[in-house]
Amino acid sequence: MTNPTTDSLVQKRCVPCEGGVPKIDRDSAVGFLAATPGWTLDDEGKAIFRKVNCGNFVKAMKLLQSIADVAEAEQHHPDLHLTGYRHVRIDMTTHAIGGLSENDFIVAAKINQLLGDSSTTA
Ligand SMILES: C[C@H](O)[C@H](O)[C@H]1CNC2=NC(N)=NC(=O)C2=N1
């Protein structure tokens with residue numbers, strides 16, 4: 001499979017997932033990560049995450065709400081963590097298959113679009 005581009009991911013929609021979507025293995029995940037800068041593969045290769053220092057609590061809460069809006073629109077949902085009042089960590093995995101699917105990278109690319117270039121990796 002050809003590696004996706006950021007634009008191709010942003011233009012896609014998540015497919016409803018109750019299982020039965022293809023799992024992305026570690027090697028393919030590395031190709032997908034090139035299209036989602038700022039995201040890191042976890043040690044088990046089953047999730048990707050991004051950390052953002054939002055600067056203050058209000059900005060962090062706004063980011064969480066914007067991410068929630070993207071997730072609801074796509075019906076694919078991240079695990080969201082707010083710690084130290086301004087540090088957001090976003091974890092993407094596809095619970096139905098216990099690993100990564102294209103959906104995770106689609107939502108990651110759309111979150112990157114929200115963040116623009118102004119975000120700071122925490
Ligand atoms: C039908 C609907 O797409 C599924 O129930 C979705 C909802 N959001 C989801 N989000 C995530 N991260 N993993 C899932 O397996 C999942 N399943």
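Right after helix H4 comes Gly116, with a positive phi near 55°. Helices here are DSSP runs of H or I with at least four residues, strands are E runs of at least two, and both are numbered from the N terminus. The model is predicted, so local features need pLDDT of at least 70 and side-chain atom pairs count only at pLDDT 80 or more, while totals for chains, interfaces and linings use all residues. Residues are numbered from 1 along each chain as its sequence is written.

**The chain as a whole**

The protein chain has four helices and five strands, and along the sequence they follow the pattern α-α-β-β-α-β-β-α-β. Its C-alpha atoms fill a box of roughly 40 × 30 × 25 Å along the principal axes. The radius of gyration is 14 Å, which agrees with the value near 14 Å for a compact globule of 122 residues. That radius is taken over C-alpha atoms, and the globule rule is 2.2 Å times the number of residues to the power 0.38.

Of the 122 residues, 30% count as buried. Buried means 20 or more other C-beta atoms within 10 Å of a residue's own, exposed means 12 or fewer, and partly exposed is in between, with C-beta atoms placed from the backbone. As for contacts between residues at least 6 apart in sequence, 70% join residues at least 24 apart. A contact here is a pair of C-beta atoms, placed from the backbone, within 7 Å.

**Helix H4**

H4 covers residues 102–115, and its end C-alpha atoms are 20 Å apart, in agreement with the 20 Å expected for 14 residues at 1.5 Å a residue. The expected span is 1.5 Å times one less than the number of residues. H4 is largely enclosed by the rest of the structure, because 11 of its 14 residues are buried. Among them are Phe105, Ile106 and Val107, but also Glu102, Asp104 and Lys110. The cover over these buried residues includes helix H1 (6–11), helix H2 (26–33), E2, H3 and E4.

**Strand E4 and its partners**

E4 pairs with strand E2 (residues 48–53) in the antiparallel sense, over six bridges. E3 and E4 also run antiparallel, joined by five bridges. Strands count as paired if DSSP finds at least two bridges between them. Facing pairs include Phe49 with Asp91 of E4, Leu80 with Ile90 of E4, and Leu82 with Val88 of E4.

In a regular strand the side chains alternate between the two faces of the sheet. The covered face of E4 has Val88, Ile90 and Met92, and the uncovered one has His87, Arg89 and Asp91.

The hairpin formed by E3 and E4 has three residues between the strands, and Gly84 in the turn has a positive phi of about 55°. Tyr85 lies in that loop between E3 and E4. Its phi is also positive, near 60°, in a residue other than glycine. Tyr85 counts as exposed, with 10 C-beta neighbours inside 10 Å.

**Loop residues and the ligand**

Gln75 is another non-glycine residue with a positive phi, about 50°. It is found in the loop between helix H3 (57–74) and strand E3 (79–83), and is partly exposed with 13 other C-beta atoms within 10 Å.

Gln75 also belongs to the group surrounding the ligand, together with Pro16, Cys17, Glu18, His76, His77, Thr94, His95 and Ala96. Near the ligand means that a residue's C-beta atom, placed from the backbone, lies within 6 Å of it. By class, this shell has three nonpolar, five polar and one charged residues. Ala, Val, Leu, Ile, Met, Phe, Trp, Tyr, Cys and Pro count as nonpolar, Asp, Glu, Lys and Arg as charged, and the others, Gly among them, as polar.

Val21 sits in the loop between H1 and H2. Leaving aside residues up to four places away in sequence, Val21 touches Val15, Thr94, Ile97, Ser101 and Asn103. Val21 and Tyr85 are 64 residues apart in sequence and 36 Å apart in space, C-alpha to C-alpha.

Here are the neighbour counts for three loop residues:

| Residue | C-beta neighbours within 10 Å | Class |
|---|---|---|
| Gln75 | 13 other C-beta atoms | partly exposed |
| Tyr85 | 10 C-beta neighbours | exposed |
| Val21 | 17 C-beta neighbours | partly exposed |

How values were computed
Contact = placed C-beta atoms within 7 Å.
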